[in-house]
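Here are some exercises to work through with the model open beside you. Try each task before you read its solution.

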Amino acid sequence: MSHAPDPDADRILASLPHAVILLRSDLTIHRVNTAGEILLGQGEGRLVGRALSDAITFAEPRLIEMMADSEVRVNARDVSVTVGGHVTGPVHVSLAPVFGWEGWRVLTLTRPVEVEALEGAAGPDADDSMLRAPEILAHEIKNPLAGIRGAAQLIARRLGEEGRELTGLIASEVDRIAALIDQMQSLSRKSSDPSEPINLHLAVRRARAVLEMSEPDIRIVEDYDPSLPEVMASVNALVQILLNLMSNAADASRGEKEPVIMLRTKFASGIKLHPKGGDAPIRLPIEIRVSNNGPRIDPALRAHIFEPFVSAKQHGQGLGLALVRKMVRDMHGRITHDRDEARGLTHFRIHLPVAGTLSHVPSEQPERTTP
């Protein structure tokens, strides 16, 4: 069977939706793709061999200086540009050296409108009214849900036992959908409970007391370090986080002959969180660990367990752990999980900062952590 040849580089370049310009070491134009011809308003035949500055000029002097260095990679957003004597910007600019060809570079120009569909209204510059769209939608959904539930209750009064069973099913499904909407609203909410210095063991013991009321048959083992200092957190949010993790642990270990949940607090030195924007690293030396002796998490899910709508439970909605991660991040902490195959234990670890160690509140969510 014959196969069509693979598309060549010229065809791939011509198909790209972004303007791509290949520059020689002296910043003269060597190649331009179709999108580049459209942006620059001229065909490749008239552009090749011309200085880039003759075809397009950038309003940022610092950007021009950086482009003069053939080894520098450039990434800049919303740069005002002039083409043919007319300001046509802004554009996003990316410039990178061509590997193996000294001095040669690839310039990519992208109009912001071209990435609007991907970034959407949830981007950093989104209008407040657009940011409120999910909340407005949730409100509009929950109103008719309340009406449906009320109508089901009225109908149940006029029906026999069989009819009441069906209306009960309607009411329970309405409640389930309303609870799901509440969780989605929590995930999209930008505000968070304020953090303050708290004794983390008060939150741990409160969460344990609540769990024991609903799971009296599951053994809970404690291993606390009473010398730990106060942490910077929201006590209500921390109780909610621990209840979620402990409930998941109870579900996971339920099928074991002796189901057990282990709670441990300890000092874990060396863990740092690196915020975006170049802020100073935040030390996270306080660890809370929730463990269970249930089966391991499916390896295919491990890397995605904290993402929305990913669940290891057969009937799980996949929002609990996503909400847990958001609340932990709101406290400038981190959450991870790992498996101890030798002991048959699954661990979820929360790391939090010590009270009084945050000299500032990072303006953005944490980007990465290091051990």
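**Exercise 1.** How many bridges join strand 1 to strand 8, and in which sense do the two strands run?

*Solution.* Some ground rules before we start. This is a predicted model, where local features need pLDDT of at least 70 and side-chain atom pairs count only at pLDDT 80 or more, while totals for chains, interfaces and linings use all residues. Residues are numbered from 1 along each chain as its sequence is written, and side-chain values use heavy atoms, with hydrogens and water left out.

Step 1: find the elements, which are DSSP runs numbered from the N terminus (helices: H or I, at least four residues; strands: E, at least two). Strand 1 covers residues 19–23 and strand 8 covers residues 105–110.

Step 2: check the pairing, which requires at least two bridges found by DSSP between two strands. Strands 1 and 8 run antiparallel and are joined by five bridges. For a landmark, look at isoleucine 21, whose bridge partner in strand 8 is leucine 107.

**Exercise 2.** Place these strands in their sheet: what is the strand order, and which strands stand at the edges?

*Solution.* Step 1: go outwards from strand 1. It pairs with strand 2 in the antiparallel sense over three bridges, with leucine 23 opposite isoleucine 29.

Step 2: go the other way from strand 8. Strand 7 (residues 91–97) is its antiparallel partner over six bridges, and histidine 92 faces threonine 110 there.

Step 3: put it together. The order is 2-1-8-7-4, an open sheet of five strands with antiparallel pairing. Strand 2 (29–32) and strand 4 (74–79) each have a single partner strand, so one side of each is left without a neighbour in the sheet. The twist averages 20° from one strand to the next (angles run from 0 to 180 degrees between N-to-C directions, with axes fitted to C-alpha atoms, for helices over the stretch in contact).

**Exercise 3.** Now describe the sheet with the order 10-12-15-17-16 and the helices lying across it.

*Solution.* Step 1: the sheet is open, has five strands and is mixed in its pairing. Its edges are strand 10 (219–223) and strand 16 (334–340), each with a single partner strand, so one side of each lacks a neighbour in the sheet.

Step 2: zoom in on one edge. Strand 16 and strand 17 (residues 345–352) pair antiparallel over seven bridges, and arginine 339 sits opposite threonine 346.

Step 3: add the helices. Helix 10 (residues 200–214) lies across strands 10, 12 and 15, at about 175° to strand 12. Helix 11 lies across strands 10, 12, 15, 16 and 17, at about 25° to strand 15.

**Exercise 4.** How do helix 11 and helix 13 pack, and which residues make the contact?

*Solution.* Step 1: helix 11 (residues 235–253) and helix 13 (residues 320–330) pack at about 150°, with axes 10 Å apart.

Step 2: list the contact (heavy atoms within 4.5 Å). Helix 11 gives Ala237, Gln240, Ile241, Asn244, Leu245 and Asn248, while helix 13 gives Gly320, Leu321, Leu323, Val324, Met327 and Val328.

Step 3: take one residue further. Beyond its neighbours within four places in sequence, leucine 245 is in contact with Val290, Leu321, Val324, Ile335, Phe348 and Ile350.
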